[in-house]
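Please explain how this chain is put together, starting with its overall make-up and then going through its helix, sheet, cores and loops in turn.

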Amino acid sequence: MERRKFILVLLGSLLLAAVVCSGCAARSAEELYALPKQSDVYYDLQKAIDQIMTPGASYAGPLTGSNQQSVQLADLDGDGQDEAIVFIRSGGEKPLEAYIFDREGDQYVNTAVIEGDGSAFDSVEYVQLDDKPGLEILVGRQLSDQILQSLGVYSYSDGRLVELMSTNYSEFKVVDLDGDDHKDVFVLRLETEERAGVAELYRYHDGVLERDQEASLSSGAKQIKRILTGYVAQGVPAVFVASSYEEDTIVTDIFAFSGKTMQNITANAEAGFSAQTIRSYNVYASDIDEDGVIELPMPVALPSATAGDATYWVIDWYNLAPEGGRKVKLTTYHNYARGWYLVLPEQWHDRLSVSQEKTVSDVLGHTFSKWNGYDREPEEILTIYAFTGEDRLELAQADGRILLAEKGEIAYSAALGTCDWAQELTEEDLTAMFHFIYMDWNSGET
């Protein structure tokens, strides 16, 4: 059974100590990332780390991913006791060093070290890749200003470290694409402009972690924007890779197994790219309806009451079957600037227009209307407002407006119009339609 525990490298403990010891001097940044010395266990580990900290060396936790501490704990050898992994940058020929400390009796002892070139540790993961107890360690390193980075996978047992594989990568994920309940390493590598990028799957066979399958990214993919793992259909795991493509466009490649072969199921063999998933609207695949299957976005331009007005968009979210074909699941209007979206009733499709016209207390509302054709007056369905300030809740519910949600110091509300569609909406309908857009913590984008 996989088991993970990690030390937070203890900024909270140090802040608490600072409060208790009100007369203490300010600590340096280096001290803030050191282990606390209140515990005997921590003291033993700190003492062992001090012995390997050469002049000029510093803590160097990974920059991305969920494990960014400089000191981490994981049971690498499966003996039920965690090893400590310490990430250091030194001034040596191979400046990036990950030291493994094993507990022997009452002391921590440095038993192995991973050394490598590069400017920083990019990311680290702990995953069981074989049938043996313990977790393998996957270490990514940034190689100066190069686009490609270096990935090494290591197994640790009996105090010895064995490198299982190494390769260059642009991005990597740990996945189980073939559904055999064994984790594999999915590696993406962007090539030159003349050559399409490649996705490689490394699988563990007969004691060896080796490259087993590969497939091409869309030709012309320039930069990987986001990777999402999930299901393309019920029971069919997949990796969804969104990349920048040409000018201000995004293309999504979907990698899944067809039979016993990993394929880019969206790529057109003749064209060399996933034409059906190219879009200029900056929105990514998501399990928008939370049914366990990933939906793809298809932006649709809305009509306007008068030709030449600003163009607004809704998004049709659809599932893509491995053998082809689309099934639209639902339609949304996303307001990325304000951080919210509406799930739209099916009957509004092809008959909706959006404008920013109505103002309440200097707050500009987004108005949704029933479109009746060009140069014909649309019928107002509802308007969404976002109120701030101390009186936000009062304003949000004044004059018959319906409070939808409150987030931070913003209260969101809706005012119903006179359209027949508006009369069909209840307060429960409106609150169910309204959702917040959450930022992807890894990419910093919505």
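Helices and strands are here DSSP runs, at least four residues long for a helix and at least two for a strand, and they are numbered from the N terminus. In these terms Asp399 belongs to the loop that joins α4 (392-396) to β27. The model is a predicted one, and its protein chain holds six helices and 29 strands. Of the 446 residues in the protein chain, 48% are buried, and among the contacts with a separation of 6 or more, 46% are between residues 24 or more positions apart.

A convenient place to begin is helix α3, which covers residues 40-52. Its 13 residues reach 19 Å from the first C-alpha to the last, which is close to the 18 Å expected at 1.5 Å a residue. The buried residues of α3 are Leu45, Gln46, Ala48, Ile49 and Ile52. Seen down the axis of the helix, these buried residues fall within an arc of 160°, so they line one face of α3. As a general matter, an α-helix has 3.6 residues a turn, so residues three or four places apart point the same way. The face of α3 turned away from the buried side carries the exposed residues Asp40 and Gln51, whereas the buried residues of the helix pack against β1 (58-59), β2 (71-74), β3 (83-89), β4 (96-104) and β5 (107-116).

Further along the chain there is an open sheet of five strands, in the order β22-β25-β26-β28-β27, with antiparallel pairing. Its edge strands, β22 (352-355) and β27 (402-407), each pair on one side only, and the twist from one strand to the next averages 20°. Within this sheet, β22 and β25 run antiparallel and are joined by four bridges, with Ser353 standing opposite Ser369 in β25. Strand β25 also pairs with β26, again in the antiparallel sense, over five bridges, and here Phe368 has Leu382 of β26 as its bridge partner. On the next step across the sheet, β26 (residues 379-387) and β28 (residues 410-416) form an antiparallel pair over six bridges, in which Tyr385 stands opposite Ser413 in β28.

How far is β25 enclosed by the rest of the structure? Five of the five residues of this strand are buried, so β25 is largely enclosed. The burial applies to both faces of β25, with His366, Phe368 and Lys370 on one side and Thr367 and Ser369 on the other.

The strands of this sheet lead on to the nonpolar cores. In soluble globular proteins, nonpolar side chains tend to be buried together. The largest nonpolar core here has 28 residues, of which Leu342, Trp348, Phe368, Ile381, Leu382, Ile384 and Phe434 touch the most other members. Two or more residues of this core come from each of β21 (340-344), β22, β26, β27, β28, α5 (420-423), α6 (427-433) and β29 (434-436), and the largest share, four residues, is given by β26. When residues up to four places away in sequence are not counted, Phe434 touches Trp340, Tyr341, Leu342, Ile384, Leu404, Ala405 and Tyr412. There is also a second, separate core of 18 residues, which includes Leu76, Phe87, Val124 and Tyr154.

Some loop residues complete the picture. Pro378 has its place in the loop between β25 (366-370) and β26, and with a relative accessible area of 23% it is partly exposed. Although Pro378 and Val354 are 24 residues apart in sequence, their C-alpha atoms are 9.8 Å apart in space.

Two aspartates in loops deserve a look at their backbone angles. Most residues other than glycine have a negative phi, and most peptide bonds are trans. Asp181, in the loop between β10 (171-175) and β11 (184-189), has a positive phi, near 70°. This residue counts as exposed, at 73% relative accessibility. Asp399, in the loop between α4 and β27, likewise has a positive phi, in this case near 55°. Is Asp399 buried or exposed? Its relative accessibility is 73%, so Asp399 counts as exposed, the cut-off for that class being over 50% relative accessible area.

Note on methods
Residues are numbered from 1 along each chain as its sequence is written. This is a predicted model: local features need pLDDT of at least 70, side-chain atom pairs count only at pLDDT 80 or more; totals for chains, interfaces and linings use all residues. Side-chain values use heavy atoms; hydrogens and water are left out. The expected span of a helix is 1.5 Å times one less than its number of residues. Buried means under 20% relative accessible area, exposed over 50%, partly exposed in between (1.4 Å probe, protein chains only). The arc is that of the directions from the helix axis to the C-beta atoms. Contact means heavy atoms within 4.5 Å. Two strands pair if DSSP finds at least two bridges between them. Axes are lines fitted to C-alpha atoms, for helices over the stretch in contact, and angles run from 0 to 180 degrees between N-to-C directions. A nonpolar core is a set of buried Ala, Val, Leu, Ile, Met, Phe, Trp, Tyr and Cys residues joined through side-chain atoms within 4.5 Å.
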